[in-house]
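Work through the exercises below with the model open. Each task is followed by a stepwise solution.

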Amino acid sequence: TDALKRLGVSPDACMQVMFHLSYLNAFGKIQNTYESVSTRQFREGRTDVLRSVTRESLDFAQSRNPSPEAASLALLKTATESIMQRRMISATGSSPDHHLSALYQLALQNQNNLFDYVIPPLFSDSTYTLYRRSILSTSNISDPLCLLFGFGPVTAEGLGLAYGSYPVHLVFHLSFFDQDRERINRFRRELQAALRYLQDMLVFAGVDPPRGSQP
């Protein structure tokens, strides 16, 4: 992560962009991606939700060149900045996720308790259903005492992607429910390729990656 900071991008946001690139190359499209965001600045705050797919991260993933160039770096920086803007919205309690989730739970209670109560159409709309459906469920930890951690996906066809970010290395843990092991292997191979491409971008930008680093 130290090398990414020298490049001028957020390491965590950069990893989200790499996940989008990997999923696109593995399966031909980018899916809804969830990441937990700490809200510890609030009393009894725990986490909120970051939906990290942005127009800018999609632009980077779709315009990948065979080898890094100035335009690639510009797109990467724009993509990471867009994700950081969303992260700030979530960290300050302004994300719509938890608000809408609470309203939905109240609507379900009203449906059970009130005669002829109709759940607001927003919660049955296909767009809202798609919005809540996380295919890539991700979370990051950087505690040096935690060498490895993991968790399961939240949808039947989803992927659980835990990763540890440290000054000179990254650690990833992938999990899935699907019995087709080739599916997770395909994503793993594309993630390795994306990390190699990121390494090439660091070299192109004149930022030396850590010695001995190998995706």
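Contact here means heavy atoms within 4.5 Å. The model is predicted.

**Exercise 1.** Place L198 and list what L198 touches beyond residues up to four places away in sequence.

Solution.
- Step 1. L198 sits in helix α7.
- Step 2. Its contacts are L4, C14, M15, M18 and L76.
- Step 3. Take C14: 184 residues separate C14 from L198 in sequence, yet the C-alpha atoms lie 9.1 Å apart.
- Step 4. The relative accessible area of L198 is 5%. Buried means under 20%, so L198 is buried.

**Exercise 2.** Classify the packing of helix α2 (residues 11–27) against helix α7 (residues 181–204).

Solution.
- Step 1. The axes are 8 Å apart and the angle is about 130 degrees.
- Step 2. Over 145 degrees would count as roughly antiparallel, and 65 to 115 as roughly perpendicular. The angle therefore makes α2 oblique to α7.
- Step 3. The crossing is right-handed.
- Step 4. Residues in the contact include M18, F19 and Y23 from α2, and F187, L191 and L195 from α7.
- Step 5. By type, the contact residues comprise 13 nonpolar, two polar and three charged.

**Exercise 3.** Describe the surroundings of strand β4 (residues 159–165).

Solution.
- Step 1. Seven of the seven residues in β4 are buried.
- Step 2. L159, L161, Y163 and S165 point one way, while G160, A162 and G164 point the other way.
- Step 3. Strand β3 (residues 136–141) runs parallel to β4, joined by six bridges. One pairs I141 with G164.
- Step 4. Strand β5 (residues 170–176) pairs with β4 in the antiparallel sense, over seven bridges. There S165 stands opposite L170.
- Step 5. A hairpin of four residues links β4 to β5.

Conventions. Residues are numbered from 1 along each chain as its sequence is written. This is a predicted model: local features need pLDDT of at least 70, side-chain atom pairs count only at pLDDT 80 or more; totals for chains, interfaces and linings use all residues. Side-chain values use heavy atoms; hydrogens and water are left out. Axes are lines fitted to C-alpha atoms, for helices over the stretch in contact, and angles run from 0 to 180 degrees between N-to-C directions. Helices (H or I, at least four residues) and strands (E, at least two) are DSSP runs, numbered from the N terminus. Angles under 35 degrees count as roughly parallel, over 145 as roughly antiparallel, 65 to 115 as roughly perpendicular and the rest as oblique. A crossing is left-handed if the near helix is turned anticlockwise from the far one by less than a right angle, and right-handed if clockwise. Ala, Val, Leu, Ile, Met, Phe, Trp, Tyr, Cys and Pro count as nonpolar, Asp, Glu, Lys and Arg as charged, and the others, Gly among them, as polar. Buried means under 20% relative accessible area, exposed over 50%, partly exposed in between (1.4 Å probe, protein chains only). Two strands pair if DSSP finds at least two bridges between them.
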